[in-house]
Amino acid sequence: MGKYILKRLGMAIVTLWAIITITFILMHSVPGNPFANENKNIPDVVYQNLMRKYGLDKPYSEQYVIYLKNIGRGNFGESMKSNAETVNEMIARGFPVSARLGAQALLIALIFGPALGAIAALHQNKASDYIAMIVSIIGVSVPSFVMGSFLIQFVARKIGWIPIGGWGEFRHTLLPSFALALMPLAQMSRLMRSSMLEVMGQDYIKTAQSKGISKMTVIMKHGVRNAILPIVSILGTTVSNLLVGSFVIEKIFGIPGLGMFFTTSVYNRDYTLIMGVTVFYSIVLILSFLFVDIGYMLVDPKIRLTEEGH
Amino acid sequence: MEKTDLIYSEEMFKKAPQKLRDAETIRRPSIKYWPDVWRRLKQDKLAMVGLGLLIIMGIMSIVGPHISGFKYYEQDYSNINVKPNREYWFGTDELGRDLFARAWLGTRYSLIIGILAALIDLGIGVIYGGIAGMGSQRVDAIMMRIAEIIYSIPYMLVVILLTVVFSTAGSGTSMFVLILAMTITDWVPMANLVRGQVLQLRESEYSLAAESLGATNSWILRKHIIPNTMGPILVNVTLTIPRAIFAEATLGFLSLGLQAPKPSLGTLANDGIAGMPVGNFYQILVPSILISLIMFSFNVLGDGLRDAMDPRLRK
């Protein structure tokens, strides 16, 4: 088991290195340079100083080593467009907001998605099954930006105390969390439904039933407990989807999160900020994939056994 | 013991009557794989709705931009933000452009991007997965490890990075770059699928037979394995298309979509959201409905195909 975790950790580090390198190469293959384009009238001396400040006058190989070293120390450098904040400060300001939004959405999805799927599976081809199906079809087909704008139009405009946008109090988080949660909720409900159907057809369920255990105990202890495993396995992907979703949702609702900084930095061509946020997001994602894999191993006896058998 | 020669003569044999021979024939017409899949797909109402919608949207994406009588780029400043009416069926945008023509042209570009991206994924995935599956264990292990690393790079981050690098600020992205960005990591699931199928099917009797007759690996792959794995591949393609369309729409919404004045559904939605605070809700409604319908259709069709091809569900 320790060997498996070590192997996954090694993979995670290689992946992270690959991402940092690719990001570096991409950002340095952009034609022109960030100061040449827009400041045609800056004096030569200032231009030279700017280049020196950001280390752009050094050869690429040296820049790359410096960049790697800085990231190793957790330093993402300074923003090229904002004089007030470093990239680290921006991440420190934006990430808690995004993380809260994402965590709330994940919580909504985790509470309602599997429950909906399980209920649908237990009442196959009845009304609740069709409701679950409609929810999951809507969740999979309606992009989050559509959902967000519809919620603003039909909920926020009608109910006074729910704000159209902004950030600060709990009521600000309601609509964005819901809009963000819908797609993972739908995916989880679909997955839970099919996995629950499969589990409930197994022999051990019949054994448990014939032992005279109450229906609820059979469903919870034998059914849901086994059917929930696939949900655990997609949690990594869910986090990744929530992250992309947050770019869009933060834009619609005007939430000052990291996604908003990222999209503005993309628009402004703030290369250090783009690089910093990309690498930071990658670290978050790789870590969450790692935790999900290890967690999955801990809950699924099958994987644990085969890995130990090797 | 005397050795007798056995003599066979015509009279000792009799032609079996037709009745006996009939016992051996298969009475029902044999149903080939694809007609059978189609027969079962037809029974899936939701999948057929999806297929029908896709055909309608496909046709409209070809003829739609031409039938309203307005060009998609024509700006008419005397008719800006007109609500849908008899002249402008879907209304006009803030530059007075006809949204009907723009919406269907956007559908066309979104569909083209989705389908091309899925086909490229298919090509790369089949070649890569085929080589990994047919190669030695070491080749397989190395290739799959590389694929694993590529795939664990977050999809949208790469797409956004590439569009940033290869497009000029604020003016959108060329279709080539969009498709490149979408396929650069997304071929991995297809490669995984093909590799898994290859590993399974190369052990089958017909592969063994071909091999013992001297067929090369690439021949077996092309003539025996790939044709037999078309089913899962097709399902995968049907589910890749909406993913690419969704990614393009998201990019469009983040102002990284297709270069103006060419519309895509994502850029139309992005333009539309600007009209929302001033009450022009229809401007976002039209692209939203179209995107959702496309996503819905491909998803239910893909699910239906998967069910229709699953031999365990065969009745």
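**Helix packing and the chain A–chain B contact**

In this predicted model, the axes of α5(A) and helix α7 (residues 170–200) of chain A come within 8 Å and cross at roughly 135°, where axes are lines fitted to C-alpha atoms, for helices over the stretch in contact, and angles run from 0 to 180 degrees between N-to-C directions. The two helices, α5(A) and α7(A), are therefore oblique to each other (angles under 35 degrees count as roughly parallel, over 145 as roughly antiparallel, 65 to 115 as roughly perpendicular and the rest as oblique). Residues that make this contact include A:Ala132, A:Val135 and A:Gly139 of α5(A), together with A:Leu182, A:Ala186 and A:Arg193 of α7(A), two residues being in contact if their C-beta atoms, placed from the backbone, lie within 7 Å. By class, the contact of α5(A) with α7(A) has seven nonpolar, four polar and two charged residues (Ala, Val, Leu, Ile, Met, Phe, Trp, Tyr, Cys and Pro count as nonpolar, Asp, Glu, Lys and Arg as charged, and the others, Gly among them, as polar).

Between the chains, 34 residues of chain A are in contact with 29 residues of chain B. The largest share of the side of chain A that touches chain B comes from α12(A), with seven residues, and the residues of that side divide into 22 nonpolar, ten polar and two charged.

Chain B itself comprises 13 helices and zero strands, helices (H or I, at least four residues) and strands (E, at least two) being DSSP runs numbered from the N terminus. Residues 24 or more positions apart account for 67% of the contacts in chain B with a separation of 6 or more.

Residues are numbered from 1 along each chain as its sequence is written, and chains are lettered from A and ligands numbered from 1 in the order in which they are written. Local features need pLDDT of at least 70 and side-chain atom pairs count only at pLDDT 80 or more, whereas totals for chains, interfaces and linings use all residues.
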